[in-house]
Amino acid sequence: MPHKARTAAFTFLAIGALSLTACGGDDAGASDDAANGYNLVSEGTLTVCSDIPYVPFEYEENGEYTGFDMDLVKEIAAGLDLELAVQDAGFEGIASGTVLAAGQCDLEASAITITPEREEAMGFADPYYDSLQSLLVPVGSDIKSIDDLEGKKLGVQGNTTGESYARENAPGAEIVAFPSDGELFPAIQSGNVDAVLQDLPVNIGHTEDGDFTIAEEYETDESYGFAMDKDNTELISAVNEQLTELRDNGKYQEIYDKYFTE
């Protein structure tokens with residue numbers, strides 16, 4: 001899959017918040033979320049949790065959060081006549097649904113693969129992106145496939161489907177889990193791990209300087225979804241309606257092409 005390279009050098013060590021205005025309607029629309037049954041954390045605002053940075057899905061550029069996920073949720077919030085507030089949160093809390101249960105946010109947008117286990121804890125909108133896993137290695141590495149990882153250190157992001165795939169398919173490797181790509185990629189740059197297994201678009205972004213290459217890609221039938229409290233059916237339905245509208249009016253394709261088509 002072609003990918004327009006994006007770079008970001010931001011690592012966040014604490015949960016922060018950044019508000020983005022995405023209000024496209026009148027004030028009455030922004031104050032009707034309670035009546036609509038959305039049960040929002042903050043009236044008139046769609047509060048989104050995301051593990052940042054994770055290029056090209058979510059990252060900071062020129063003081064604003066951007067990326068494929070971020071651009072989509074901006075459009076969704078605008079379509080619902082809501083402002084948008086983004087909170088940077090750790091992926092473990094996102095993947096487990098802990099931040100939703102704690103009332104920290106209304107929606108999670110963080111390249112979250114829909115799995116049966118996660119569906120037990122959270123409700124998902126319709127899938128919005130199909131992803132592959134991949135193996136990133138230094139140029140010139142003797143690692144050409146997952147079968148060459150015996151006795152090697154393989155870096156993964158913890159609590160992800162990439163980690164699960166690595167543990168199932170690279171039993172001879174020493175699996176080293178990191179909290180986020182912000183720690184994972186520097187580990188292979190410094191030689192602390194021999195390879196990285198994670199989502200293809202993210203690994204592709206790490207090949208742009210010519211020092212690293214994709215050794216293999218893996219079909220896993222994974223799809224990303226925006227997660228919400230499973231009992232918040234009105235919000236899930238509203239997000240699905242917005243996703244359908246974005247596909248119908250061509251805006252989804254425009255955003256997709258921005259990040260994944262050269």
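Which residues have the most contacts inside the largest nonpolar core? In this predicted model, the residues to select are L46, F57, F68, L107, F226 and V239, which have the most contacts inside a core of 41 residues.

**The whole chain**

Before zooming in, show the whole chain as a cartoon, where the secondary structure comes to 11 helices and 13 strands. Buried residues make up 53% of the 262 residues in the chain, and the surface that the chain exposes comes to about 11400 Å², with carbon and sulfur atoms supplying 44% of it. Among the contacts with a separation of 6 or more, 74% are between residues 24 or more positions apart.

**The largest core**

Now colour the elements that give two or more residues to the largest core, namely β2 (45-50), α3 (68-79), β5 (83-88), α10 (233-248) and α11 (251-260). Apart from this core lies another one, of 15 residues, and V156, A170, A195 and Y218 are among them.

Select F68 next and display what surrounds it: leaving aside neighbours within four places in sequence, F68 is in contact with P56, F57, Y128, Y129, Y252, I255, Y256, Y259 and F260.

From there, move to L107, which sits in strand β6 (107-108). L107 counts as buried because its relative accessibility is 0%, a value under the 20% cut-off. With neighbours within four places in sequence left aside, the contacts of L107 include L46, V73, F226 and V239, as well as L100 and M228. To see how distant parts of the sequence lie in space, draw a line from L107 to L40, for these two are 67 residues apart in sequence and 9.4 Å apart from C-alpha to C-alpha.

A short step along the chain leads to A109, in the loop between β6 and α6. A109 is also at 0% relative accessibility and therefore counts as buried. Not counting residues up to four places away in sequence, A109 touches V48, C49, S50, E58, D69, M70, V73 and F226. The C-alpha atoms of A109 and V48 are separated by 6.6 Å, although their positions lie 61 residues apart along the chain.

**Helix α7, a cavity and a pocket**

Select α7 (161-169), where T161, G162, E163, Y165 and A166 are buried. The buried residues of α7 pack against α6, β8 (129-138), β9 (153-157), β10 (174-178), β11 and β12 (212-224).

How many cavities of 30 Å³ or more does a search of the whole structure find? The search finds 1, and the largest cavity has a volume of about 140 Å³. Of the 14 residues that line this cavity, Y54, F91, Q157, T160 and D199 are the closest to its centre. Both α7 and β11 (195-199) supply at least two residues of the lining, and by class the lining of the largest cavity divides into 3 nonpolar, 8 polar and 3 charged residues.

Keep α7 in view and turn to the second largest pocket, whose volume is about 220 Å³. Its lining has 13 residues, of which T115, E117, T160, T161 and S164 are the closest to the centre. At least two lining residues come from each of α4 (91-96), α6 (116-121) and α7, and the largest share, 5 residues, comes from α7. The lining of the second largest pocket has 2 nonpolar, 7 polar and 4 charged residues.

**Backbone details**

Return to the loop between β2 and β3 (59-61), where P53 is placed and where P56 is also found. A cis peptide bond joins I52 and P53, with omega at about 5 degrees, and the peptide bond from V55 to P56 is cis as well, with omega near 10 degrees.

Continue to N62, in the loop between β3 and β4, which has a positive phi of about 55 degrees although it is not a glycine. N62 is exposed, because its relative accessible area is 75%. In strand β4 (residues 64-66), select E64, which is partly exposed because its relative accessible area is 45%. The C-alpha atoms of E64 and V86 are 10.0 Å from each other, and the two residues are 22 residues apart along the chain.

The last stop is D221 in strand β12, a residue that is not a glycine but has a positive phi of about 55 degrees. At 75% relative accessibility, D221 counts as exposed.

Notes. Residues are numbered from 1 along each chain as its sequence is written. This is a predicted model: local features need pLDDT of at least 70, side-chain atom pairs count only at pLDDT 80 or more; totals for chains, interfaces and linings use all residues. Side-chain values use heavy atoms; hydrogens and water are left out. A nonpolar core is a set of buried Ala, Val, Leu, Ile, Met, Phe, Trp, Tyr and Cys residues joined through side-chain atoms within 4.5 Å. Buried means under 20% relative accessible area, exposed over 50%, partly exposed in between (1.4 Å probe, protein chains only). Helices (H or I, at least four residues) and strands (E, at least two) are DSSP runs, numbered from the N terminus. Contact means heavy atoms within 4.5 Å. On a 1 Å grid over the protein atoms alone, a cavity is a set of points where a 1.4 Å probe fits but cannot get out, and a pocket is an open set with protein on both sides within 12 Å along at least five of seven lines; lining residues have an atom within 4 Å of a point. Grid points are joined across faces, edges and corners, and a volume is the space filled by probe spheres set on the points. Ala, Val, Leu, Ile, Met, Phe, Trp, Tyr, Cys and Pro count as nonpolar, Asp, Glu, Lys and Arg as charged, and the others, Gly among them, as polar. Accessible areas come from the Shrake-Rupley method with a 1.4 Å probe; for residues, only the protein chains shown count as cover.
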